[in-house]
Amino acid sequence: MRREEHGALHLEVISAIPGRIRLTLEKPIENDSPFWAIRGVKTCRYNPRIRTLLCLYDKERIGEEELIVRIGAIYAGLAGTKLLHVKRSEEEGFSMAASGYLALGCIALDGVMTAAASPLTQVTRWLSAGATLGAVVEHGYQELHVRGSFDPEVMSVVYLINAIGKTNGFQASLLAWIVTFGRHLIPQAPREQVYLVRRSAGAVILTPVVSGESKRAFAGDMLRSGVEALARKPT
């Protein structure tokens, strides 16, 4: 979907923290009163000069994603559009914690010791597994704290734990690290979702349009497939 689509409307999320969200509206609206009716919204303020909508809400009553969809539905209804683009420009790039770099260093050391058939491999194997396990758990906790959920790639720890003490320990640590952190290192454009807008019984309903896999999602799927394939190999 591109901006050249006839009649498409665009909504951009420029700032979002729990309980507070700011959006830019492509087309002006008369006032912000329709958004006050959204369940969980405490206040909404529209700035007609820069076309931004600032909403404060109760995060215990409504989640961020649901709020964005409801705002989008009202906005699309006011504008009379049949297609709505919601762009997430507020999302920050991924920043890997020190534990991730430490785990990668331990994995590299284990790889060198393994290639050299060093007797220290037994030590480096446990070291790389422990450091990777700690980094993955920390990453999952950070995502849970910030977003309220974590990516399924974090579940690679199950494969890693099963491989501890086995001959595929090095591969398990490396794959667990790649699956957890690798796809985050791929530069990404702001996330954008397209919705079809339809009206039914006086209500505006948004239906998400699936436009294919992004590079990030594709990379994640490929990495997960690799882990699953190796996990099925006998040790």
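A residue counts as partly exposed when its relative accessible area falls between the buried limit, under 20%, and the exposed limit, over 50%. Arginine 51, at 34% relative accessibility, therefore counts as partly exposed. The model is predicted. Its protein chain holds 6 helices and 7 strands. Of the 235 residues in the chain, 38% are buried.

**Overall layout**

- Along the sequence, the elements run β-β-β-β-α-β-α-α-α-α-β-β-α.
- Take the contacts between residues at least 6 apart in sequence: 63% of them join residues at least 24 apart.

**Positive phi in loops and after H1**

- Most residues other than glycine have a negative phi.
- Arginine 51 has a positive phi, near 55°, and is not a glycine.
- Arginine 51 sits in the loop between strand S3 (41-47) and strand S4 (52-57).
- Alanine 117 also has a positive phi, near 50°.
- Alanine 117 belongs to the loop between helix H2 (98-115) and helix H3 (121-147).
- Alanine 117 is exposed, because its relative accessible area is 65% and the exposed class starts over 50%.
- Glycine 80, just after H1, takes a positive phi of about 70°.

**Helix H1**

- Helix H1 covers residues 64-79, which makes 16 residues.
- At 1.5 Å a residue, H1 should span 22 Å, and its end C-alpha atoms are indeed 22 Å apart.
- The buried residues of H1 are Leu67, Ile68, Ile71, Gly72, Ala73, Tyr75 and Ala76.
- Within H1, arginine 70 and glutamate 66 form a salt bridge at 2.9 Å, N to O.
- Arginine 70 and glutamate 66 are 4 residues apart, about one turn of the helix.
- Both partners are partly exposed: arginine 70 at 37% relative accessibility, and glutamate 66 with a relative accessible area of 31%.

**Salt bridges from H1 to the strands**

- The count of salt bridges comes to 6.
- Glutamate 64 and arginine 88 meet through their side chains in a salt bridge of 2.6 Å, N to O.
- Glutamate 64 is in helix H1 and arginine 88 is in strand S5, so this pair ties together parts 24 residues apart in sequence.
- Arginine 88 counts as buried, at 6% relative accessibility.
- Glutamate 64 is partly exposed, with a relative accessible area of 23%.
- Glutamate 65 and arginine 191 form a salt bridge at 4.0 Å, N to O.
- Glutamate 65 lies in H1 and arginine 191 in strand S6 (residues 191-200), so this pair ties together parts 126 residues apart in sequence.
- Glutamate 65 is partly exposed at 43% relative accessibility, and arginine 191 is partly exposed at 41%.
- A network of salt bridges links Glu64, Glu65, Arg88 and Arg191.

**Lysine 87 in strand S5**

- Lysine 87 is placed in strand S5 (residues 83-88).
- Lysine 87 is partly exposed, with a relative accessible area of 26%.
- Leaving aside neighbours within four places in sequence, lysine 87 is in contact with Leu11, Glu12, Val13, Pro190, Arg191 and Glu192.
- Lysine 87 and isoleucine 14 are 73 residues apart along the chain, and their C-alpha atoms are separated by 8.6 Å.

**Helices H4 and H5**

- The axes of helix H4 (residues 156-163) and helix H5 (residues 169-181) come within 9 Å.
- The two axes cross at roughly 170°.
- Angles over 145 degrees count as roughly antiparallel, and H4 and H5 are therefore roughly antiparallel to each other.
- On the H4 side, Ser156, Tyr159, Leu160 and Ala163 make the contact.
- On the H5 side, the contact residues are Gly169, Ala172, Ser173, Leu175, Ala176, Val179 and Thr180.
- By class, the contact of H4 with H5 has 7 nonpolar and 4 polar residues, with no charged ones.

How values were computed:
Residues are numbered from 1 along each chain as its sequence is written. This is a predicted model: local features need pLDDT of at least 70, side-chain atom pairs count only at pLDDT 80 or more; totals for chains, interfaces and linings use all residues. Side-chain values use heavy atoms; hydrogens and water are left out. Axes are lines fitted to C-alpha atoms, for helices over the stretch in contact, and angles run from 0 to 180 degrees between N-to-C directions. Helices (H or I, at least four residues) and strands (E, at least two) are DSSP runs, numbered from the N terminus. Angles under 35 degrees count as roughly parallel, over 145 as roughly antiparallel, 65 to 115 as roughly perpendicular and the rest as oblique. Contact means heavy atoms within 4.5 Å. Ala, Val, Leu, Ile, Met, Phe, Trp, Tyr, Cys and Pro count as nonpolar, Asp, Glu, Lys and Arg as charged, and the others, Gly among them, as polar. Buried means under 20% relative accessible area, exposed over 50%, partly exposed in between (1.4 Å probe, protein chains only). The expected span of a helix is 1.5 Å times one less than its number of residues.
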